[in-house]
Amino acid sequence: MSARNTENDLSGDPDSTLLAAAAGGDEKAFAGLVERHYDLVHRVVWRVTSGHADSADIVQDAFLKLWNNPGQVRQGGALRGWLIRVATNLAIDRARRKQGSNIDDQPEIEASGPDALDQVLGDRSARAIESALARLPERQRLALSLVYYENMSNIEAAAAMEISVEAIESLLARGRRALKGDLKDQWRDLLADIGEMSQ
């Protein structure tokens with residue numbers, strides 16, 4: 001008799017196996033999917049919403065959509081992109097509904113764990129970059145977040161956003177130009193921060 005009853009046994013199963021089990025109502029399989037993909041989806045939503053307090057709720061809503069209908073994701077390899085797409089669409093919808101209240105007036109939630117950018121550039125520089133990123137159009141912000149923060153290839157990011165590689169390259173180029181323009185008056189301060197950290 002094979003013992004496949006522990007959560008540890010699920011860790012090596014591919015997403016396709018866990019999806020099929022979740023479609024049959026297997027809560028442990030679904031919990032395995034949540035554990036495997038939650039942090040990535042949360043980081044992306046957190047960046048897309050500029051650290052808004054609703055980030056965790058949005059991610060939970062995305063996983064709830066998966067739990068309610070796991071059959072809508074037909075291939076395990078498509079799950080990560082599907083979750084990112086659903087969660088960012090939920091974030092964008094929520095932001096549009098709340099346009100009456102200024103998101104900048106809401107308290108910011110600190111990211112969990114140390115951020116590599118904070119370690120390299122320092123808190124002040126990271127905040128300046130995060131602030132500039134928050135001012136970008138949603139799709140540029142998402143593209144930059146996926147490629148530069150989540151280290152996805154252009155092909156992976158394009159698949160997650162359901163756009164062509166050419167379109168992702170265009171979003172990245174426009175986003176980088178906008179960030180460069182937005183930060184042009186602050187570059188001396190950013191370089192000073194780097195210099196202070198290297199001493």
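These are my notebook entries on the helices, the nonpolar core and a few single residues of a predicted model.

**Entry 1: overall make-up**

I began with the secondary structure and found 11 helices and zero strands in the protein. Read from the N terminus on, the elements accordingly run α-α-α-α-α-α-α-α-α-α-α. I then looked up burial, and buried residues make up 40% of the 199 residues in the protein. For the contacts, I took those between residues at least 6 apart in sequence, and among these 62% join residues at least 24 apart.

**Entry 2: the nonpolar core**

Next I asked which residues have the most contacts inside the largest nonpolar core. That core has 46 residues, and the ones with the most contacts inside it are Leu66, Leu79, Leu146, Met161 and Ile168. I also noted which elements give two or more residues to this core, and they are helix H2 (15–23), helix H3 (27–48), helix H4 (55–68), helix H5 (79–97), helix H7 (123–134), H8, helix H9 (154–161) and H10.

I followed Leu79 further and, leaving aside its neighbours within four places in sequence, found Leu79 in contact with Asp15, Leu19, Leu33, His37, Leu66 and Val73. One of these partners, His37, lies in helix H3, and I looked it up in turn. His37 has a relative accessibility of 8% and counts as buried, because the cut-off for buried is under 20% relative accessible area. Not counting residues up to four places away in sequence, His37 touches Asp15, Phe63, Leu79, Arg80 and Leu83. Asp15 is thus listed as a contact of Leu79 and as a contact of His37.

**Entry 3: H8 against H10**

I turned to helix packing, bearing in mind that two packed helices are described by the angle between their axes and the distance between the axes. For helix H8 (residues 138–149) and helix H10 (residues 165–183), the axes come within 8 Å and cross at roughly 100°. Angles of 65 to 115 degrees count as roughly perpendicular, and H8 and H10 are therefore roughly perpendicular to each other. On the H8 side the contact is made by Arg139, Gln140, Ala143, Leu144, Val147 and Tyr148, while H10 brings Ile168, Leu171, Leu172, Arg174, Gly175, Arg176, Ala178 and Leu179. Sorted by class, this contact of H8 with H10 has nine nonpolar, two polar and three charged residues.

I picked out Arg139, which lies in helix H8, for a separate look. Is Arg139 buried, exposed or partly exposed? Its relative accessibility is 43%, and Arg139 counts as partly exposed. Arg139 touches Met161, Ile163 and Leu171, again not counting residues up to four places away in sequence. I also read off the C-alpha to C-alpha distance from Arg139 to Gly175, which is 9.1 Å for two residues 36 apart in sequence.

**Entry 4: H3 against H8**

H8 also packs with H3, at an angle of about 135° and with the axes 9 Å apart. That angle makes H3 oblique to H8, and H3 passes H8 in a right-handed crossing. I listed the residues that make the contact as Val44, Arg47 and Val48 of H3, together with Arg141, Leu142, Ser145, Leu146 and Tyr149 of H8. By class, the contact of H3 with H8 has five nonpolar, one polar and two charged residues. Leu146, which is part of this contact, is also among the core residues with the most contacts.

**Entry 5: two positive phi values and one exposed lysine**

I looked up where positive phi values occur in residues other than glycine, and noted Asn151, with phi near 55°, and Glu162, with phi likewise near 55°. Asn151 has its place in the loop between H8 and H9, whereas Glu162 is found in the loop between H9 and H10. With a relative accessible area of 64%, Asn151 is exposed, and Glu162, at 58%, is exposed as well.

Finally, I checked Lys180, which is found in helix H10 and is exposed, with a relative accessible area of 65%. Its C-alpha atom is separated by 9.9 Å from that of Ile129, and the two residues are 51 apart along the chain.

Conventions: Residues are numbered from 1 along each chain as its sequence is written. This is a predicted model: local features need pLDDT of at least 70, side-chain atom pairs count only at pLDDT 80 or more; totals for chains, interfaces and linings use all residues. Side-chain values use heavy atoms; hydrogens and water are left out. Axes are lines fitted to C-alpha atoms, for helices over the stretch in contact, and angles run from 0 to 180 degrees between N-to-C directions. Helices (H or I, at least four residues) and strands (E, at least two) are DSSP runs, numbered from the N terminus. Angles under 35 degrees count as roughly parallel, over 145 as roughly antiparallel, 65 to 115 as roughly perpendicular and the rest as oblique. Contact means heavy atoms within 4.5 Å. Ala, Val, Leu, Ile, Met, Phe, Trp, Tyr, Cys and Pro count as nonpolar, Asp, Glu, Lys and Arg as charged, and the others, Gly among them, as polar. A nonpolar core is a set of buried Ala, Val, Leu, Ile, Met, Phe, Trp, Tyr and Cys residues joined through side-chain atoms within 4.5 Å. Buried means under 20% relative accessible area, exposed over 50%, partly exposed in between (1.4 Å probe, protein chains only). A crossing is left-handed if the near helix is turned anticlockwise from the far one by less than a right angle, and right-handed if clockwise.
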